[in-house]
Amino acid sequence: MAGVTLWMQMSLDGYAEGPDQEIHWPVVDEELCESFLDELRAAEVFVYGRKTFEIMAAFWPYADADPAISPFYVEFARCWKRTPKLVFSHTMRDPGWNTRVIGADPIAEISALRTASAGPVVVFGGAQTASYFLEHDLVDEYRLFVHPLLLGGGVPLFPKPLDTAGLQLVDIMTFDSAVVQMHYQQATPVARMG
């Protein structure tokens, strides 16, 4: 049982989306992603909200066919296509790309994944999906990528106070882009639902 890891981009002032639901501001470059490729290859499933999935699906299925793209991006594209994906959506019907839509009873679905998965369940969000996971105590680990900008408003990553008493710092990484990754895990596993 590997549990659920929330991977989220956030601004220095705590927002996961900008004032107009902007989500294209994070600096997610090759340096940031390359150090995590082996970990992502081990994931059992990637979980997305609809908007974030649509951004990913517009690029990654075709990225490895671009002769000008770097070897890292070729590898990530192949990893993305190969890894099963779940999308939280009430409107999406046939997403393709090894993806299944969860519209009803997502708590039961994720709880079953948490107990049955051999590899990590990686939640990439967006903000609404992350909020749902946090509200229902479905997060075992946090990988927070803090970007050096102030959005001044928008959708906060943590709309309600987070009880940090049970969190242990695993590591901190800094990148040339001035992004800081903070990795936390629950000191004791989150109570399993279901």
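## Aromatic pairs around an eight-stranded sheet

There are 16 aromatic pairs in this structure. One of them joins F88 and Y132 in a tilted arrangement, with 6.0 Å between the ring centres and 50° between the planes. That pair connects distant parts of the chain, since F88 belongs to strand β4 and Y132 to helix α7, 44 residues apart. Keep in mind that this is a predicted model. Its backbone includes an open, mixed sheet of eight strands, and here's a tour of that sheet, the helices on it and a few side chains worth a look.

**The sheet**

- Going across the sheet, the strand order is β5-β4-β3-β6-β1-β7-β10-β9, with mixed pairing.
- The edges are β5 (99–102) and β9 (167–174), each of which has a pairing partner on one side only.
- From one strand to the next, the twist averages 20°.
- As background, strands of a sheet pair through backbone hydrogen bonds, and they can do so parallel or antiparallel.
- Strands β1 (residues 4–11) and β6 (residues 121–125) run parallel and are joined by three bridges; L6 has V123 in β6 as its bridge partner.
- Four bridges link β3 to β4 in the parallel sense, and V47 is partnered there with L86 in β4.
- Next along, β4 and β5 are also parallel, again over four bridges. L86 faces R100 of β5 in this pairing.

**Strand β4, covered on both sides**

- Which residues of β4 are buried on one side, and which on the other? K85 and V87 are on one side, L86 and F88 on the other, and all four are buried.
- F88 counts as buried because its relative accessibility is 14%, under the 20% cut-off.
- Its ring partner Y132 comes out at 23% relative accessible area, so Y132 is partly exposed instead.

**Helices on the sheet**

- Helix α3 (residues 50–57) lies across β3 (45–49), β4 (85–88), β5 and β6, and makes about 115° with β3.
- Helix α7 (residues 127–135) also packs on the sheet, where it touches β1, β3, β4, β6 and β7 (141–147). The angle between the directions of α7 and β1 is about 130°.

**Rings and charges**

- Beyond the F88 and Y132 pair, ring pairs tie W7, F36, F46, Y48, F53, W80, F124 and F145 into a cluster.
- Two members of that cluster, W7 and W80, each have a charged side chain over the ring.
- Over W80 sits the charged end of K85, 4.3 Å from the ring centre.
- Over the face of W7 lies R143, at 5.1 Å from the ring centre.

**Two buried threonines**

- T129 is part of helix α7. Is it buried or exposed? With a relative accessible area of 8%, T129 is buried.
- A polar atom of the T129 side chain lies 3.4 Å from the backbone nitrogen of G49.
- Setting aside residues up to four places away in sequence, T129 touches Y48, G49, F88 and V123. F88 is the β4 residue that pairs with Y132 of α7, and V123 is the β6 partner of L6.
- T99 is in strand β5, and its relative accessible area of 16% makes T99 buried as well.
- Which backbone oxygens does the T99 side chain reach at 2.9 Å? One belongs to G96 and the other to W97.
- Leaving out neighbours within four places in sequence, T99 is in contact with F53, K85 and V87. F53 belongs to the ring cluster, while K85 and V87 are the buried pair on one side of β4.

**A phenylalanine in a loop**

- F175 is in the loop between β9 and β10 (180–186). Despite the loop setting, F175 is buried, at 7% relative accessible area.
- Who does F175 touch, apart from neighbours within four places in sequence? Its contacts are E31, L32, S35, F36 and Q181, and F36 is one of the residues in the ring cluster.
- For a longer reach, F175 and Q21 are 154 residues apart in sequence, with a C-alpha to C-alpha distance of 25 Å.

Technical notes
Residues numbered from 1 in each chain as written. Predicted model: local features only at pLDDT ≥ 70, side-chain atom pairs only at ≥ 80, totals over all residues. Heavy atoms only, no water. Pairing = 2+ DSSP bridges. Axes fitted to C-alpha atoms, helices over the stretch in contact; angles between N-to-C directions. Contact = heavy atoms within 4.5 Å. Phe/Tyr/Trp six-rings, centres within 6.5 Å; stacked < 30°, edge-to-face > 60°. Buried < 20%, exposed > 50% of the residue type's maximum accessible area, 1.4 Å probe, protein only. Lys NZ or Arg CZ within 6 Å of the ring centre and 35° of its normal. Polar contact = N/O pair within 3.5 Å; in protein donor to acceptor, adjacent residues only side chain to side chain.
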